[in-house]
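Please look at the sequence and the structure below before reading on. The report that follows walks through the fold in words, from the whole chain to single residues.

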Amino acid sequence: MVISGSAEAELQVVLFRGGWADVDFFDGLDDFGPLPASDIASAGDFAARMDQWVLRVFGSLGRVQ
């Protein structure tokens, strides 16, 4: 999945069945790269990590419209 935000910020996540994900980000300014995403134990664990990744890249969870 790809989540885009303001100032060209972007979070890219590819989830694999084996319990890991490829996660890359660009914050729209000067910070970018991969984020750790191994040993994902459940759907709930993945959801919690997505919340953390969104906070890291976009600064808040905000409201989805």
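What follows describes the overall build, then the core, and then some single residues.

The model shown here is a predicted one. The protein has one helix and four strands, and, read from the N terminus, these elements come in the order β-β-β-β-α. The C-alpha trace spans about 35 × 25 × 15 Å along its principal axes. For a protein of 65 residues, a compact globule would have a radius of gyration near 11 Å, and because the protein has 12 Å, its value agrees with that expectation.

Turning to contacts and surface, of the contacts between residues at least 6 apart in sequence, 28% join residues that are at least 24 apart. The accessible surface comes to about 4,600 Å², and 55% of this surface belongs to carbon and sulfur atoms, while 29% of the 65 residues count as buried. The protein carries 4 positive and 10 negative charges, and the mean positions of these two groups are 9 Å apart.

The largest nonpolar core holds 14 residues, and those that touch the most other members are Leu 11, Val 13, Val 23 and Trp 53. Strand 2 (10-16), strand 3 (20-26) and helix 1 (43-58) each supply at least two residues of this core, with the largest share, five residues, coming from helix 1. If neighbours within four places in sequence are left aside, Trp 53 is in contact with Leu 11, Val 13 and Val 23, and also with Leu 35, Pro 36, Ala 37 and Phe 46.

Two further residues, one buried and one exposed, can be set side by side.

| Residue | Relative accessibility | Class |
|---|---|---|
| Arg 49 | 18% | buried |
| Leu 29 | 68% | exposed |

Arg 49 is found in helix 1, and it counts as buried because its relative accessibility of 18% falls under the 20% cut-off. Apart from neighbours within four places in sequence, the residues in contact with Arg 49 are Ala 37, Ser 38, Asp 39 and Ile 40.

Leu 29, by contrast, has its place in the loop between strand 3 and strand 4 (32-34), and with a relative accessible area of 68%, which is over the 50% cut-off, Leu 29 is therefore classed as exposed. Although Leu 29 and Ala 9 are 20 residues apart along the chain, their C-alpha atoms are separated by 7.7 Å.

Technical notes. Residues are numbered from 1 along each chain as its sequence is written. This is a predicted model: local features need pLDDT of at least 70, side-chain atom pairs count only at pLDDT 80 or more; totals for chains, interfaces and linings use all residues. Side-chain values use heavy atoms; hydrogens and water are left out. The radius of gyration is taken over C-alpha atoms; the globule rule is 2.2 Å times the number of residues to the power 0.38. Buried means under 20% relative accessible area, exposed over 50%, partly exposed in between (1.4 Å probe, protein chains only). Contact means heavy atoms within 4.5 Å. Accessible areas come from the Shrake-Rupley method with a 1.4 Å probe; for residues, only the protein chains shown count as cover. Lys and Arg count as positive and Asp and Glu as negative; His and the chain ends are not counted. The place of a charge is taken as NZ of Lys, CZ of Arg, CG of Asp or CD of Glu. A nonpolar core is a set of buried Ala, Val, Leu, Ile, Met, Phe, Trp, Tyr and Cys residues joined through side-chain atoms within 4.5 Å.
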